[in-house]
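Trainee: Could we go through this one together, starting with how its helices pack and then turning to its pockets?

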Amino acid sequence: MSAVRTPEARPLRVRTPAAPRRRQRRGRLRHFGLFAAPGVTVYLCFVVAPIAVSFGYSLTNANPFNPPTRFTGLHNYDQLLHDPEFWTALRVTTVLTLIVTIVPNVAGLGIALLLDRRGKFYNALRSVFFTPVILSSVVVSIVWSRLLDAGGPVNEALRALGRHDPPGWLSDPAYALYAVASIISWQMLGFCVVVYLAGLQGIPQELMEAAELDRAGPVRRFRHVVWPLLAPALTVNTVVLLISAFKTYDYIKVITNGGPGAGTTATIAFDVLQTGFDANHVGYASAMAMAMLVIVAAATAVALRILRAREVNL
């Protein structure tokens, strides 16, 4: 006789009543709210609220020494579009941003490749390169102002080498902006080195060994293995440098105060604070600040889109 198979009993699905499900969702939302509340509160108070207040001021003729404050609509933005000083500041900021974004990235990558070795000597060198990053920007500005002064050590060294008429690094309009950009690049160099070193040390050794077995030379290994895997490090460095350079104020204030001449090194951030606190045109300064926010956000979004697409396509 053949055995009779009995159908297997399927497990019964116990449906949770609607009320307990709602309670579970409320409990999860409550826990999420408790954990997120501090961060959201700080973000709303110190980021969203100041932006909203600044936008409100930008629609007025706010001036604390010339009341009353009246609503002017988009008048400040229209004035901004026809203000030659704003366009000059935008050009200066763009040049400064390009230099500060490109130079530390390129130099930082080269130095990171040289320091990607084991040993106490290389560990000490890493500390040396990172030291400027932790210094105050004001301290760095004062030190370099003394070094690049007309009678400073740099020009004295050039005179000793036979250059009888060394350039005025901070007093000549042809050199001032590039000198300031070089100072900022020097301080940000250590940050790029550390980020690239972290990326280099995260590359699997198996890939490098496989490339060596395929008889790939140093250039090919860098091009086909190292450089593609450094895409996240490049994204971090580029975005951080772009945002930091575009809102530069302290270096300009301490080193050149916007000069030499009229607006030679004046960035948008410098003009915003000069207009708002020195000239007391709070409404117009707020409009400049909102324009700078939009430009920085757009440039950062474009950079992230391009660099992240490169990460995805690895």
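**Helix packing and pockets**

Mentor: Happy to! This is a predicted model. In it, the axes of helix 3 (residues 84-115) and helix 7 (residues 176-201) come within 6 Å and cross at roughly 40°.

Trainee: How are helix 3 and helix 7 oriented to each other, roughly parallel or oblique?

Mentor: Start from the crossing angle, which is roughly 40°. Angles under 35 degrees count as roughly parallel, and 65 to 115 as roughly perpendicular. Helix 3 and helix 7 fall in neither class, and are therefore oblique.

Trainee: Which residue classes make up the contact of helix 3 with helix 7?

Mentor: The crossing itself is right-handed. By class, the contact has no charged residues, three polar and 25 nonpolar.

Trainee: Which element gives the most to the lining of the largest pocket?

Mentor: That pocket holds about 570 Å³ of space, and 24 residues line it, with Ser54, Val272, Ala289, Met290 and Met292 nearest its centre. Two or more lining residues come from each of helix 1 (18-58), helix 12 (268-278) and helix 13 (282-312). The top contributor, with nine residues, is helix 13.

Trainee: And how many charged residues are in the lining of the second largest pocket?

Mentor: Here about 410 Å³ of space is enclosed by a lining of 13 residues, and those closest to the centre are Asp116, Arg117, Leu200, Gln201 and Gln205. Helix 4 (120-134), helix 7 and helix 8 (205-213) each give two or more residues. The lining divides into five nonpolar, four polar and, for the class you asked about, four charged.

Terms used. Residues are numbered from 1 along each chain as its sequence is written. This is a predicted model: local features need pLDDT of at least 70, side-chain atom pairs count only at pLDDT 80 or more; totals for chains, interfaces and linings use all residues. Side-chain values use heavy atoms; hydrogens and water are left out. Axes are lines fitted to C-alpha atoms, for helices over the stretch in contact, and angles run from 0 to 180 degrees between N-to-C directions. Helices (H or I, at least four residues) and strands (E, at least two) are DSSP runs, numbered from the N terminus. Angles under 35 degrees count as roughly parallel, over 145 as roughly antiparallel, 65 to 115 as roughly perpendicular and the rest as oblique. A crossing is left-handed if the near helix is turned anticlockwise from the far one by less than a right angle, and right-handed if clockwise. Ala, Val, Leu, Ile, Met, Phe, Trp, Tyr, Cys and Pro count as nonpolar, Asp, Glu, Lys and Arg as charged, and the others, Gly among them, as polar. On a 1 Å grid over the protein atoms alone, a cavity is a set of points where a 1.4 Å probe fits but cannot get out, and a pocket is an open set with protein on both sides within 12 Å along at least five of seven lines; lining residues have an atom within 4 Å of a point. Grid points are joined across faces, edges and corners, and a volume is the space filled by probe spheres set on the points.
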